[in-house]
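Thanks for making time this morning. I would like to walk through one strand and one helix, and then take your comments.

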Amino acid sequence: MVTNYEGDSIEFKETLPLLPIRDIVVYPFMILPLFVGRDSSIKAVEEALNNTDRLILLSSQKDIQAETPAPSEIYELGTLAMIMRMRKLPDGRIKILIQGLSKARITSFVQTEPFYKVKVLKVENENIEKPTVAVEAIMRTVRERLEKVISLGKILSPDILMVLEDIQDPGRLADLIASNLNLKVTEAQLILETLNPMDRLNKINDLLARELEILQVQQQIRNNTKEEISRTQKEYFLREQIRAIKSELGEEGAEKPDEFQDLKDKLLAKKMPEEAEKEALKQLSRLERMHPDSSESSILRTYLEWMVELPWSEQSKEITDLEFAKKVLDEDHFDLYKIKERILEYLAVRSLKGTKMKGPILCFSGPPGVGKTSLGKSIARATGREFVRISLGGVKDEAEMRGHRRTYVGSMPGRFIQALKQVGTSNPVIMLDEIDKLGSDYKGDPSSAMLEVLDPEQNNTFRDHYLNVPFDLSNVMFIATANVLENIPSPLRDRMEIITLTGYTEEEKVAIAKKYLVSKQMEENGVTTTDINITDEGIEHVIRHYTREAGLRNLERQIGALCRKVAKKMAVGNKKKIEIKPEMVDEMLGPQVYTKEDEKEQDEVGVATGLAWTSAGGEILYIEATKMKGKGITLTGQLGDVMKESAHAAMGYIRSHAAELGIDEKVFDENEIHIHLPAGAIPKDGPSAGITLATVIVSLLTGHAINRKVAMTGEITLTGKVLPIGGLKEKSLAAMRMGIDTVIIPYKNKKDLVDIPDEYREKLSFIPVKTIDEVLEVALIDWNGQELAKAKAKKKATTKKKPSRNDQDPGEVAA
C-alpha cells in the first residue's frame with residue numbers, strides 16, 4: 001500500500017514494469033518530468049499506463065553509457081513512482097511527469113523482453129519516534145549551509161528555502177535537498193540506500209560542507225584575480241583562474257605537466273641554430289599570451305610543432321666502407337660503371353675529410369627505363385642514408401619548393417622541408433625525379449627557386465617561406481633525374497654534375513633479365529623455379545621481337561606477361577614445369593611486334609639509313625627520296641625548321657658540285673625532288689641528318705644504290721664539310737639493334753669513341769669522315785671516287801681564271 005500525491009492509498013502489485021534511468025536518482029515525494037527514448041523504456045511506460053494504478057519502478061543504471069543495461073547493471077533499490085501525465089513528442093520520444101511514492105527493492109527479474117518486469121518489495125525508512133535536540137540542530141545546520149551555498153552562486157531556486165522551513169521530517173528534508181544538489185549518480189544512490197533518516201541527513205550535511213568549501217575557493221579565486229584584470233583581458237582572467245586552481249590543488253595539479261614548458265624543453269633539446277631558436281622561443285612566448293581558441297593560436301601551434309619535428313641536428317650514421325658500398329651497388333644494378341665510381345669516390349673523400357664535406361649534387365640523364373630512380377634508392381642503401389623521392393613532373397608553383405608564408409590559411413612548408421621531416425634526418429638522399437619536366441606559370445618559376453637549393457654555396461642557409469629561418473641543406477645528397485637535358489634551364493643545369501646513362505645492349509639486357517627481372521616477376525606473379533624456366537634464347541627472342549627500347553620497362557612487362565600465362569596454366573591444373581623457348585614465347589605473347597621485315601632486305605636507290613637521338617634513346621631513321629616532273633624540293637614527314645634547312649644545305653652543295661658528282665644540271669630544272677621521312681606523325685628536327693639527306697639526293701640523281709648495312713649521322717655545310725653531332729652512344733646502340741655493321745660518323749666525334757663499350761666496337765665499324773665525298777665513298781655501291789677526282793682536276797685545268805685561296809674547293813683540302 002502506497003500513498004499518491006493526492007493523499008489516496010494505492011494497492012500496488014508485486015510485479016511492475018521497470019524503467020531504467022540514467023544521470024539521475026528519483027527520491028520519494030519528488031515530482032519531475034522524464035524524457036523516454038529507448039524502445040524498451042517506451043514499452044515499459046505504455047505497460048504502466050495500461051494498468052489502472054499507473055505504477056512503475058524507477059531504478060538508476062550503474063553505467064550511464066550503456067544503451068541496453070543488463071539486470072546486473074541496474075541498482076536493486078529504486079523508487080516506486082506513479083505516472084501523472086504522458087505526452088508524445090514529434091521525434092518519437094515521450095515525455096512523462098512522475099511522482100516518487102516509496103522506496104522499493106528488486107527481488108527478481110520476471111521478464112527481460114520486450115521490456116523489463118520485476119518483482120518488487122516495498123522498503124520502509126526507519127522512524128524517529130520523537131525529534132531530539134540533536135536532530136533539530138543538524139536540521140538547522142543543513143538549512144543554514146544550503147542558504148550559504150545559494151548565496152555563493154549555486155544555481156538553486158530560492159523558493160526551496162521556504163519549502164524546507166515547513167518540513168520537520170529529517171528524512172524528507174534530506175531527500176529534498178539531495179534531489180536539488182545535482183549529485184553524481186553514485187552519491188545520490190548512496191543517499192537513497194541510507195534508510196536511517198539521521199544518517200541520511202548527516203551525509204547531506206557533509207556534501208553541503210564540501211560544496212560550500214569549493215564555492216568559497218572559487219570566490220577567493222575571483223577576488224584574487226579581479227583586481228589584476230582589465231576589461232580587454234578575458235583570456236588572462238581565465239588563465240589566472242587555472243593557475244589559482246592548480247595552486248589550491250597542490251600536488252594533484254602538478255601531475256599534469258605545463259604544455260608550454262614541455263614545448264620549450266623540446267625546442268631547446270633540438271639544438272637549433274641561434275637564429276632559429278630565437279625565433280621559435282619568440283613565437284612560443286606569443287602563443288602563451290594568446291587565447292587557446294583564437295585562429296592565430298592554432299597557426300602558431302602548428303608552426304612550433306614543425307620546428308620541433310624537423311631534424312636540425314639529427315643525422316644518419318653514414319657508411320664509408322667502400323667494399324660494402326660497391327657490393328650493394330653491384331647487387332642492385334648491372335654495369336653503370338661511371339655512376340658507381342662517382343659514388344665510391346665521394347665515400348672515399350668523405351672517409352678522409354670527415355663530416356666537413358658538402359653533399360654532392362648529381363643529375364642522372366638518360367632515356368626512360370634505364371634505372372635512374374631505382375639507382376637513387378641503391379645509393380642511399382650503399383651510403384647508409386635515408387631515401388626520399390620528390391616528383392617534380394608538372395610542378396608549376398614556386399610555393400611547392402619554398403613553402404607558403406604563414407599569413408595564408410592552410411599554409412605549410414615546401415617539399416624539401418616536408419621531405420626532411422618525413423625521414424627525420426638532415427643528411428638523406430633526396431631524389432628530384434623528372435627535373436626536366438618542371439613547369440612555370442603566373443605563380444612563379446619553380447626551377448628558379450631550385451637554384452638556391454642546388455647551389456652548394458647557398459643551400460646551407462636555405463630559407464623556407466613558412467619557417468622564415470635558415471635551414472642547412474648542405475649535408476643532403478641531391479640526385480636529380482632527367483630525360484632531356486635541354487629542357488633544364490642552363491643556370492640550373494650548371495649547378496649539377498651531369499652523369500649520362502645510355503641504353504643497354506642486347507647482351508646487357510639478357511644479363512639484367514636473368515639476374516633481376518625474371519626473379520622479380522616470378523615473385524610478383526606467384527610462380528617459382530619449379531613452375532617455369534625462361535631460357536636465354538627465350539629472353540633474347542623477347543628482346544628482339546617484342547621490345548625495341550633503350551631501357552627495360554617493356555622487357556620487364558613482357559617477362560611479367562610470360563609469368564602470368566604460366567600462373568594461369570598452373571591454376572587450371574598443369575603441374576609440369578614449363579620451359580620458355582622462342583617458339584613458346586610466340587605462342588604466349590602472340591604475333592611478333594618487330595620482325596626482320598622492318599629491316600631493309602636489299603640495297604635501294606634513294607633510301608638511306610640515318611641515326612637519330614630521342615629522349616627514349618637512339619632510333620633508326622629511314623630517309624626516302626624520289627623525283628618527278630616539276631621543279632624544286634618538297635620535304636614531308638613533319639620536319640622541324642633545322643632539319644629543313646639541313647636538306648636545303650645538302651641540296652645547295654649538290655647543285656654547286658653537280659658536274660663533279662656526275663649529275664646533269666638540267667635535272668634540277670626538269671624534276672621535283674621529294675624527300676620523305678617515314679612515321680609522319682612523329683615530329684623530327686635537328687641537323688644530324690644532313691649527310692644522310694645529301695647521300696639520298698646523290699643516290700637518287702646518280703642511280704647508285706645505298707648500302708643497307710651502312711648508317712650515318714653528321715651535319716653538312718654548304719662547302720661539304722661534316723660537322724660533329726651528339727648522342728653517339730645511343731645512336732650506335734640503335735644501329736646494333738637493327739643489324740647495321742658500319743656507322744659513318746663525323747671526324748670530330750672520333751674522340752667520343754672512347755665512351756663506346758668494347759662490345760659495340762666489336763660489332764660495329766666506325767668510319768670517321770671529314771667531307772661528304774668520304775661519306776659517298778662508303779655509303780654508295782659502285783661509287784667511283786677516283787673518276788670524280790679526275791673530273792674535278794679537269795674542271796680546274798680548263799678554268800681560265802686561276803682560283804684564289806678563297807675559291808679552293810674545301811673537298812680537296814679535306815682529301
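Before I turn to the helix, a word on the term I shall lean on: a residue counts as buried when its relative accessible area is under 20%, taking a 1.4 Å probe and protein chains only. Please keep in mind as well that this is a predicted model.

With that cut-off, the buried residues of helix H14, which covers residues 372-383, are Lys372, Leu375, Gly376, Ser378, Ile379, Ala380, Ala382 and Thr383. The cover over these buried residues includes helices H12 (322-332) and H13 (337-353), together with the strands S9, S10 (387-391), S11 (429-433) and S14. As for its geometry, H14 has 12 residues and reaches 17 Å from its first C-alpha to its last, which is close to the 16 Å expected at 1.5 Å a residue. Just after H14 comes Gly384, whose phi is positive, at about 80 degrees.

Let me now move to strand S9, one of the elements that cover the helix. Why can we call S9, residues 361-365, largely enclosed by the rest of the structure? Because five of its five residues are buried. Ile361, Cys363 and Ser365 point one way from the strand, whereas Leu362 and Phe364 point the other way, and all are buried. In a regular strand, the side chains do alternate between the two faces of the sheet.

Finally, the pairing: S9 runs parallel to strand S14 (residues 477-482), with five bridges joining them, and also runs parallel to strand S15 (residues 497-500), where the bridges number four. Cys363 takes part in both pairings, with Ala480 as its bridge partner in S14 and Ile498 as its bridge partner in S15.

How values were computed: Residues numbered from 1 in each chain as written. Predicted model: local features only at pLDDT ≥ 70, side-chain atom pairs only at ≥ 80, totals over all residues. Heavy atoms only, no water. Buried < 20%, exposed > 50% of the residue type's maximum accessible area, 1.4 Å probe, protein only. Helix = DSSP H or I, 4+ residues; strand = E, 2+ residues; numbered from the N terminus. Pairing = 2+ DSSP bridges. Expected span 1.5 Å × (residues − 1). Contact = heavy atoms within 4.5 Å.
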